[in-house]
Amino acid sequence: MLRAKGIIGTNGLRAARLRQICSRKLATFADTQSILLSKYPIGLKVHGYTIEQTQPVPEFSLVAVRLRHGRSGSEHLHLDSPNDKNNVFAIAFKTNPPDATGVPHILEHTSLCGSYKYPVRDPFFKMLNRSLSNFMNAMTAHDYTYYPFATTNGKDFDNLMDVYLSSTLQPLLSHQDFMQEGWRLENEDLADPNSPLTFKGVVYNEMKGQYANSAYYYWIKFQEAIYKSLHNSGGDPKNITDLAYEDFIQFHETNYHPSNSRTFTYGSLPLTNHLEKLDTAFAGFGSRSNSSQIKYPIFESYEPTTTTKSVSVKGPFDSSTGVPIENQLKGSITWNLGNPLDESKQYEVFKWKLLSSLLCDGHSSPLYQQLIETGLGDDFSINTGLDSTTALLSFSVGLSNSTQSTIDGLEDKVIAIIKETVLPELEVAHDGNYHMRVLALLHQLELGFKKHKPDFGLGLLNSILPSWINGVNPISSIQVQQILDRFKLEYQIKGLGIFKQMIEQTLLNPQTQRLKFTLVPDASFANELITEEATRLESQVKNLDDSDKKIIYDRALQLKEKQEQEEDISVLPTLTLKDIPRTGDFYPLEFSNIKNNEESLLQKRIVDTNGLIYAAGLKDLSFLPSKYYPYLPIFASCLTNLAGTASTPITDLEIKISKSTGGISFNVSSRTDPYNLANAKLQFTMNGMALEDDAQQIYDLWYEILHETKFNSEDETVVDKLSTLIKGLAQKQVDMVTDRGHSYAGSVSNSKLTPAKYIGDMLNGMQQVEFILKINSELERNGKAYLKETVLPILKEIQEFILIHGHFKYSLVGNAQALNTNEQLLGTFNEKLLSNSTKSTQKNELQVLLNNYRQIDQTDQHELIDLPTQVGYASLAKLGTTYDTKDGASLQVLSHLLTFKHLHSVIREANGAYGGGLNYDGLGGVLNFYSYRDPNAVKSVESFENTLLICGDKIKEWDANDLQEAKLSIFQSVDAPMNIASQGATYFYEGIDDELRQQRRENFLDVSISDLTHVAEKYLINKENKKAITVIGNNDLLNVGNDWAIRKVS
């Protein structure tokens, strides 16, 4: 009991400290709050809008204003945040999908292809080059579609708002755009009218790529089972080709109306201007009843005597992991917890978020311990945990890579865990594991109020929109402090009994409605998808006569002609180079040695961090033998995900981290020398964040984890934890590739050009994917003995290498007083660390790798990574130059121009890939042509190679306006708002100081057309600068030639 009181007392001090800091913050906000409130009196009429509610939200330093448009009834929410210059706008529409044809998704794409006010092809995409926005997008959710952007520039805000409103309310929606973005029949070879017909379309191929991801497939089939009335808004490929153009037009007329919209603004720009623009845009529309019908889940249609429904579907089989097909089932049990759209339930939803975390999250959670760590599944299914979808609040527990018998008994197993493990723990007083975890969760929530987030406005939008679009008052959704205070009061009275009561009323209540969902792998599933598409295609083609086929061919030629037409885009609003300041932001840094240790350097950034301290440590790993490199990501993950330390088991360690810090992390990365592409850096990094008064915890945890993490082969707990970790990693690998295939293809290509990229592929690319799959296959074949005899000894050796060799350098970000304190704390930590290390006499192993790498010529190869996907991913890479050069800036500009002026049309519009272009990695020094979710990745490679031949001619077509647009698009990221914790990071990790960043900034601004011609000839057209080509895709569909090297992932 004494120990428990001590913990509670410490937490009370921490809470008091948080209240003191927050009180200062709220006092500062209070000075402006009364002014803000006086600006927004209830009942005030402004530009056709009436203020209905005004509410200060002090925890976020903003005032929320809810208004209604008189004529249309559209609701507007403005969040006045006077200190945040990153302003956000969004317009959203309620769009219940009538079927699985993907009409909301296709409309989201096509509405951005031109409007009556801006009758140019794809004004949305073209505005990317005429703006300084740091975020522009459009998204389709279950039952709504929304169009958000963020920018710090007031003129830019007005321009984008105008384009967004015009695009959504008055789009052209031409039949050609519908065919391009949605679906169409088209000849495989447009030069040959007799070539076979095939399905094309941007959304069609996007969704084929989505369905190739087994996690997405499970999720969407689960949603179809539990929420039949909410059809797949993204579209099922087999249904997309049923969508008629006329139905598409009707869907827009029905749903894209001001009466059916919600609009949102956030930031420091004046509300009056926003309302004036909205009122003008809505002027041509009257009032109508909106299509706000709320769809309900299957539980609403249950018979009174039915509480459990079971659904089983077929799904993909992953042959690459080595896991037998009978062990690859996915399944879940889901409990209906009610309707989250009931505003009186918002407090219950909050409590369920805490309870869900207690049950499922982390090594301390009982369901993880008894379902995953016991081997009943390799990981939780993607739907595990609390979910709020429209009118359904649900809690699910599911398993991936499990057996039929386990899935059949899953509900009984979960109930047994709750009765035998959870309920007894919930009856323990304030000294148990669950109480400590609740305190840790509350600590993380309160720290969240203090963290600086550049995208905070977008985060608020995304959190409130799902319920707001369905009638919930959005202001109630952001008043987090009220809910948190209410919980603290109830928890003080009832303690963990809160959660016991919730469980007994729901999960243990036999009357609670449930869904059992199972996905059974089928070895023929991938081939069946191919066969289904071929059959569907045949059913459409067989009824076509010659005249029909001629119409299809002519229509395709017309579409191609339109895609290739030069347009006058001067009608679109734009910023100019005058809107870009020539001098960028500088972040002054201070440097010192740690307690006079010449090799332990400290970098300090003095800035107000709202009472937080950010610390980082970095060690050069050039002494580490290269045979260890593939193991480094596993090693870094083990430090916070294995069995814990000699002093603290992992269950207590993760609580300690969450309860006393804002997070501790470890990572390994390779980086390119900004002055020499032939050099590479391999770095081990550690990071931590905490309240200023808790900073000591960062260094104590760093030391304990680095020194004491257990890698003992004799410890069965360590072996079991590592087995669980590797199995969990393995079953996600292929999904990661299908989700970001263009990144993995590019990583393979880039690895053949520079040593840093080669190491990067080993750590984070296809080499790492194959390495994880190999380890998992060995684990499946040889059991845990393989981990004991091979893997754990290597991880232990890596730990010893990192502890013994070399020195850390450090970075601190915080206010001056906090930095003075932390410099002393770091000094003590570093002394302890160095007491066990030696001055490294190990040879520079990295230099050995660099020397050997230069002797290998892997370029001009065509390589196929053979995976059973319905769409492909293509990459063609060439070597660029270093960060510090003018050529590097010119290549960056050239890559943007080739993407926007050529490749977007060729790869996306004509070839039907979801995305494509040319990316230049300014620091990595590589040019990478790419395509994403591509129906014909090999054809895209041909387009890339053709671009190398014609880029010189393309440059001759460009003028000063084109150059300006490319520079504007580059400065969207260059001048994007930065997290405070990242100030000074480019120097700490990359060696790029403010002067070098400023030099590169000026190089960007000064790029000329002649510079583009120079770098095109030197780096693209020049055949001596060899290329590397990689495609990820299914060779059964691609049928590559004998000149391709085929690499099977297994």
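Six strands of this predicted model make up an open sheet with mixed pairing, in the order β18-β19-β23-β20-β22-β21. Strands here are DSSP runs of E with at least two residues, helices are runs of H or I with at least four, and both are numbered from the N terminus; two strands pair if DSSP finds at least two bridges between them. At the edges lie β18 (590–594) and β21 (663–673), each of which pairs on one side only. From one strand to the next the twist averages 25°.

Local features need pLDDT of at least 70 and side-chain atom pairs count only at pLDDT 80 or more, while totals for chains, interfaces and linings use all residues. Residues are numbered from 1 along each chain as its sequence is written, and side-chain values use heavy atoms, with hydrogens and water left out.

Three of the pairings in the sheet are listed below, each with one bridge pair where stated.

| Strands | Bridges | Direction | Bridge pair |
|---|---|---|---|
| β19 (597–606) and β23 (808–814) | five | parallel | Lys604 and Leu812 |
| β20 and β22 | nine | antiparallel | Tyr614 and Met689 |
| β20 and β23 | six | antiparallel | Leu618 and Lys809 |

Strand β20 (residues 612–620) is largely enclosed by the rest of the structure, because eight of its nine residues are buried. Buried means under 20% relative accessible area, exposed over 50%, and partly exposed in between, with a 1.4 Å probe and protein chains only.

Helix α27 (residues 755–764) packs on the sheet, where it touches β21 and β22 (676–691). Contact means heavy atoms within 4.5 Å. The direction of α27 makes about 145° with that of β21; axes are lines fitted to C-alpha atoms, for helices over the stretch in contact, and angles run from 0 to 180 degrees between N-to-C directions.

Another helix, α20 (residues 525–541), has 17 residues and reaches 24 Å from its first C-alpha to its last, close to the 24 Å expected at 1.5 Å a residue. That expected span is 1.5 Å times one less than the number of residues. Phe525, Glu533, Arg536, Leu537 and Val541 are the buried residues of α20. They cover an arc of only 160° around the axis, so they sit on the same side of α20; the arc is that of the directions from the helix axis to the C-beta atoms.

The chain as a whole has 38 helices and 29 strands. Of its 1050 residues, 59% count as buried. Its C-alpha trace spans about 85 × 70 × 65 Å along the principal axes. Among contacts with a separation of 6 or more, 81% come from residues 24 or more positions apart.
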